[in-house]
Amino acid sequence: MAPSKPASKPARKRKATADNTVTNDGPPAEKKQKKSPAKAKTPAAADRDTKPKKPRAKAEPKTPKKTSKKAPAATTTESSEATGFYQSGTNDSVSLIEKNLKKLFDQYRDNPEELPDKIGIDGAQNYLTAIKVQLDELAHLAICELLQCPSIGEFDRAPFVAGWRSVSTASKPYDTIAAQEQYVDVIRKRMSTDRAYFKQVYRNTFKLAKPEGQKSVPMESAVDFWNLFFRSDNGGLDWNTSSTKWLDLWCEFYQSKIKRPVNKDLWNMVGEMALKIKEPEGETLAWWNEDGAWPMAIDDFISSVKDKRKPAGGDAMDTT
């Protein structure tokens, strides 16, 4: 019997892959890393891919913001003056004028060891003499206002320096005795021509005239100060006129009728009354009325003046 033929090998199955190619089923010659199937793109995404991409617009360079140029603070000459004015040897930039003023202050201290920041009575008198200011003239009280003296005959360092610094300029610093003496002449002129400045100094004097710890000025002291402020002999405003001796009448009335210390409100209003009378037509007293906000002492004084008016004319006073 003829030997039977060996059974034929079964045909390999053909298998379609994901990319539609046909491969023989069977052990591959070598293993290949399987790739995960690509995700199907949505129609919108596919449509975006097919559209040509627009080129990105180049960013335009930013135009720098316009800044307003400040005008130079000073000319060359002014700049050099200011440089000298604000020279400083410390990090605190203390100006040269302040240094000079501190040195000047130190020269007149009475007790440098115990009171290094105060000029007492003796030192104050020496200082006022140096700048040619008399104790009984109105410029003395104007200096006290400028330097904010705590009392007459005393100066404190900080307000002394600040006061002279406030009136100084780069071209005219008042940091020497000679310069301050010149400024005193400016003060004297202002007191006779500037009514607002006169009132400022007058009102500041109230705290100097009253005793420490008191709220009022003693009557005798008030009369002395009124005679200083309202007579022209020592640089004040002359309240007396050719027709009426207003200051004399007021002092006489107050000493004989009121007879009490002067509080701050009355002090201020006496100054207002004097300035009102000094205005054109002020002596007619048309500005005053009984319903005004004047202190009672002034109301009584005006009423007494009106009683002394001559019947005829109404603009003159019988002071005989």
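Let's start inside a helix: the side chains of Arg188 and Asp185 meet in a salt bridge, 2.9 Å from N to O. Why do these two find each other? They sit 3 residues apart in helix H7, so about one helical turn separates them. Asp185 is partly exposed, at 48% relative accessibility, and Arg188 is partly exposed too, at 28%. Keep in mind that this is a predicted model, so treat every distance here as a value computed from predicted coordinates.

Arg188 has a second partner. Glu137 also forms a salt bridge with Arg188, with the closest N and O atoms 3.0 Å apart. This pair links distant parts of the chain: Glu137 is in the loop between helix H4 (121-130) and helix H5 (138-146), while Arg188 belongs to helix H7 (residues 177-193), 51 residues apart. And is Glu137 buried or exposed? At 12% relative accessibility Glu137 counts as buried, because the cut-off for buried is under 20%. Put the two contacts together and Arg188 bridges to Asp185 within helix H7 and to Glu137 in the H4-H5 loop.

Now move along to another pair. Asp248 and Arg231 meet through their side chains in a salt bridge, at 2.7 Å from N to O. Asp248 lies in helix H10 (residues 246-258) and Arg231 in the loop between helix H9 (219-229) and H10, so this bridge ties together parts that are 17 residues apart in sequence. Both ends are partly exposed: Asp248 has a relative accessible area of 31%, and Arg231 comes in at 25%.

The general idea behind such pairs is simple: side chains of opposite charge can pair when their charged atoms come close. The structure holds 12 salt bridges. Some of them join up, as Asp106, Arg109, Asp117 and Arg157 are linked in a network of salt bridges.

Back to the H4 and H5 region for a different feature. The second largest pocket has a volume of about 170 Å³. It is lined by 13 residues, and the closest to its centre are Leu128, Leu135, His140, Ile152 and Gly153. Which elements give two or more residues to that lining? They are H4, H5 and H9, with H4 giving the most, at 4 residues. So H4 and H5 turn up twice in this tour, because the loop between them holds Glu137, and both helices help line the pocket.

Zooming out, the chain has 12 helices and 4 strands. Of its 320 residues, 32% count as buried. The chain exposes about 22200 Å², and carbon and sulfur atoms supply 51% of that area. As for how the parts come together, take contacts between residues at least 6 apart in sequence: 59% of them join residues at least 24 apart.

Finally, how much confidence does the predictor attach to all this? The chain averages a pLDDT of 80, and 67% of the residues score at least 70. Two stretches call for care. Over residues 1-47, pLDDT stays under 50, and the model has 13 contacts beyond four places in sequence for that stretch. Residues 63-94 also stay under 50, with 24 such contacts in the model.

How values were computed: Residues numbered from 1 in each chain as written. Heavy atoms only, no water. Buried < 20%, exposed > 50% of the residue type's maximum accessible area, 1.4 Å probe, protein only. Contact = heavy atoms within 4.5 Å. Areas by Shrake-Rupley, 256 points an atom, 1.4 Å probe, with all protein chains shown as cover. pLDDT = per-residue confidence, 0-100. Salt bridge = Lys/Arg side-chain N within 4 Å of Asp/Glu carboxyl O. 1 Å grid on protein atoms, 1.4 Å probe; cavity = no way out; pocket = protein on both sides within 12 Å on 5 of 7 lines; lining within 4 Å. Points joined across faces, edges and corners; volume = space filled by probe spheres on them.
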